Amino acid sequence: MVFLYRQLPAITGFTSVQANLPATVQNTGFEMVLASNLVSGQNFEWNTNFNFSIPKNELLRYPGLQESTYANKYVVGEPLNIELLYQYTGLDPETGFYSVLDRNDDGSLDYEDRKIALDKSPSFFGGWNHELNFKNFSLQFLWRFVKQEGTLELFKAGFLQNQRAEVIDALNTNTQYQLVSRSTAASRAYNNVLNSNYTITDASFLRLQNLNLSYDVPKNWLRPLGMKSATLFFTGQNLITLTSYKGLDPEIPNGGINFNSLRSITTGLNLKF
């Protein structure tokens, strides 16, 4: 069964109600966790753990799907978290604008022309955590990785709004971007291509999610000062991100115009008397 929230008119006093759809979904996947104490000595210790997951789900059956209001959202044989898109067919040689495929040749574009399914869930993800201790020093850091696809926007050449830098290529011949124009037809073509596979791009990333480094000051240094303990620490989050994704943040790869977490660095001294 599939649980979701159906939208309700505001005059009912509620914005939505939980519904149970007559669908059959299969959830499968693979998950692995490895932990190891690589080094365990008197002055040095190194512990590490690695996790790896492949999530999968598939809509097996949905009686009456094509006659329901969810025909433009779900497809039997596909995952649940998909977006149905048009097929991009290149620049129209007559207008120079983006064009997408009208699959049923009825002269209009609607959900029946959206047959390409973009799975918005990651193909796999995981992390590799390390914890090292050497005498009074302690270091802990986590690398996180995700394999996924995302989308990119901001290639509306000719309009007075933020665009990606490479859109300047629209001024050249043999460009992949449509003719510079502020016409209604150009705007319509852009809106159509935003809902096509043209925007799909690799949004995989490897990120140094967090890093913590600390040093405990020897107690024999602290006794003359009347202190019980003193710790110097450095903490960083989102310090390094390796990705080919050209949006703001591959963690939110929907359009490339949003971000989730800022890089942050914190240092300090913790004293106990």
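1. Starting with the turn: strand 3 runs into strand 4 through a three-residue hairpin. Strands here are DSSP runs (E, at least two residues) numbered from the N terminus. The model is predicted, so local features need pLDDT of at least 70 and side-chain atom pairs count only at pLDDT 80 or more, while totals for chains, interfaces and linings use all residues. Residues are numbered from 1 along each chain as its sequence is written, and side-chain values use heavy atoms, with hydrogens and water left out.

2. Strand 3 (residues 24-40) is antiparallel to strand 4, with 16 bridges between them; two strands count as paired if DSSP finds at least two bridges. To get the register, look at Ala-35, whose bridge partner in strand 4 is Asn-49.

3. Strand 4 (residues 44-61) also pairs with strand 9 (residues 124-134), again antiparallel, over ten bridges. Here Phe-44 has Phe-134 of strand 9 as its bridge partner.

4. From strand 9 you can carry on to strand 10 (residues 137-147), an antiparallel pairing of eleven bridges. Leu-132 sits opposite Leu-139 in strand 10. These two strands make a hairpin with two residues between them, and Lys-135 in the turn has a positive phi of about 55 degrees.

5. There is also an open sheet of three strands, ordered 12-11-15, with mixed pairing. Strand 12 (200-202) and strand 15 (254-255) are the edges: each has a single partner strand, so one side of each lacks a neighbour in the sheet. Strand 11 (residues 149-152) runs parallel to strand 15, over two bridges, and Leu-152 faces Gly-255 of strand 15.

6. On the surface, have a look at the positive patch made by Lys-219, Arg-223, Lys-228 and Lys-272. Patch residues have over 30% relative accessible area and no salt bridge, with like charges joined within 9 Å. Areas are Shrake-Rupley with a 1.4 Å probe, and only the protein chains shown count as cover. A salt bridge would be a Lys or Arg side-chain nitrogen within 4 Å of an Asp or Glu carboxyl oxygen. Lys-272 belongs to strand 16 (residues 264-272).

7. Last, the overall picture: the protein has two helices and 16 strands, helices being DSSP runs (H or I) of at least four residues. Its radius of gyration is 26 Å, against near 19 Å for a compact globule of 273 residues; this is taken over C-alpha atoms, and the globule rule is 2.2 Å times the number of residues to the power 0.38. Along the principal axes, the C-alpha atoms fill a box of roughly 85 × 50 × 45 Å.

Conventions. Patches are made of residues with over 30% relative accessible area and no salt bridge: like charges are joined within 9 Å, nonpolar side chains (Val, Leu, Ile, Met, Phe, Trp, Tyr) within 5 Å. Lys and Arg count as positive and Asp and Glu as negative; His and the chain ends are not counted. The place of a charge is taken as NZ of Lys, CZ of Arg, CG of Asp or CD of Glu.
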